[in-house]
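The following exercises concern a predicted model of a protein with a bound ligand. Please work through each task before reading its solution.

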Amino acid sequence: MQLITSDPHTGPDPHFDQERIARFLEVHLDQYGDRMEDILKCLNYAFDPVRGGFVVIAVEDGAILGAVVVNETGMSGYIPENILVYIAVDRSQRGKGVGRQLMQAALTKAEGSIALHVEPENPARKLYEALGFTNKYLEMRLHR
Ligand SMILES: CC(C)(COP(=O)(O)OP(=O)(O)OC[C@H]1O[C@@H](n2cnc3c(N)ncnc32)[C@H](O)[C@@H]1OP(=O)(O)O)[C@@H](O)C(=O)NCCC(=O)NCCS
């Protein structure tokens with residue numbers, strides 16, 4: 001398995017077909033998924049050199065085994081520099097350490113702090129906690 005990290009400043013890379021990554025995430029995010037158009041918006045942002053962010057994909061024999069998408073916020077201090085928006089591992093490949101490796105690659109690539117949100121009962125929470133994420137705050141949203 002190979003981990004490949006995108007960089008919006010190095011130009012188009014054939015490894016990162018946004019439609020393909022979006023389809024992968026749509027299928028493998030399970031109940032934590034979003035609408036395809038929202039996943040694509042997030043990917044567009046990550047590949048936009050002005051806004052910024054990156055994607056790490058785990059690939060084996062040409063197939064995507066997992067992906068993580070991070071958006072840079074453009075802020076720091078009062079708001080973390082990065083938001084980890086999506087992470088998913090192919091359902092048939094879970095529990096083998098792929099998710100942990102993707103997270104570690106994302107932590108290496110990101111500069112500054114990282115925010116993410118996770119439902120309290122999602123097993124992914126254990127992975128985030130093991131890597132040092134804490135939840136001092138209760139996230140609240142006004143949906144409009
Ligand atoms: C979350 C996800 C990416 C983890 O990927 P993975 O490759 O299965 O994870 P790993 O094998 O690297 O496991 C890493 C750690 O996560 C935790 N973990 C992962 N799946 C778990 C499960 N089903 N039950 C309990 N703990 C689990 C464990 O703490 C594990 O640590 P360990 O290796 O010391 O046991 C994967 O389960 C997934 O795609 N889930 C659906 C999408 C999702 O929930 N995304 C996150 C939304 S916030």
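**Exercise 1. The two ends of a helix**

Task: Determine which residue follows α1 and what the sign of its phi is, and then identify the polar contact at the start of α1.

Solution.
Step 1. The residue that follows α1 is D30, and its phi is positive, near 55°.
Step 2. Turn to the start of α1, where D17 is found to offer a side-chain oxygen. This oxygen lies within 3.1 Å of the backbone nitrogen of E19.

**Exercise 2. The buried side of α1**

Task: List the buried residues of α1, explain why they lie on the same side of the helix, and state which elements they pack against.

Solution.
Step 1. Helix α1 comprises residues 18–28, and its buried residues are I21, A22, F24, L25 and H28.
Step 2. Around the axis these residues cover an arc of only 160°, and they therefore lie on the same side of α1.
Step 3. The partners of the buried residues of α1 include a helix, α2 (36–46). They also pack against the strands β2 (53–60), β3 (63–72) and β4 (82–89).

**Exercise 3. A serine in a loop**

Task: Locate S6, decide whether S6 is buried or exposed, and name the residues that S6 touches.

Solution.
Step 1. S6 belongs to the loop that joins β1 (2–5) and α1.
Step 2. A residue is buried if its relative accessible area is under 20%. S6 counts as buried because its relative accessibility is 2%.
Step 3. Leaving aside residues up to four places away in sequence, S6 touches F16, F47, F54, V55 and K109.

**Exercise 4. The surroundings of the ligand**

Task: Describe the shell of residues around the ligand, its polar contacts with the backbone, and the share of the ligand's area that the protein buries.

Solution.
Step 1. There are 22 residues around the ligand, and those that come nearest are I87, V89, G97, G99 and R100.
Step 2. By type, the shell holds 11 nonpolar, 6 polar and 5 charged residues.
Step 3. At least two residues of the shell come from each of β4, α3 (98–109) and α4 (124–130). The element that gives the most is α4, with 4 residues.
Step 4. A nitrogen atom of the ligand lies 2.8 Å from a backbone N or O atom of I87. An oxygen atom of the ligand lies 2.8 Å from a backbone N or O atom of G95. A polar backbone atom of R100 is likewise 2.8 Å from an oxygen atom of the ligand.
Step 5. The ligand taken alone exposes 920 Å², of which the protein buries 71%.

Key:
Residues are numbered from 1 along each chain as its sequence is written. This is a predicted model: local features need pLDDT of at least 70, side-chain atom pairs count only at pLDDT 80 or more; totals for chains, interfaces and linings use all residues. Side-chain values use heavy atoms; hydrogens and water are left out. Buried means under 20% relative accessible area, exposed over 50%, partly exposed in between (1.4 Å probe, protein chains only). The arc is that of the directions from the helix axis to the C-beta atoms. Contact means heavy atoms within 4.5 Å. A polar contact is a pair of N or O atoms within 3.5 Å; within protein, one must be able to donate a hydrogen and the other to accept it, and residues adjacent in sequence count only if both atoms are side-chain atoms. A residue is near a molecule or strand if one of its heavy atoms lies within 4 Å of it. Accessible areas come from the Shrake-Rupley method with a 1.4 Å probe; for residues, only the protein chains shown count as cover. Ala, Val, Leu, Ile, Met, Phe, Trp, Tyr, Cys and Pro count as nonpolar, Asp, Glu, Lys and Arg as charged, and the others, Gly among them, as polar.
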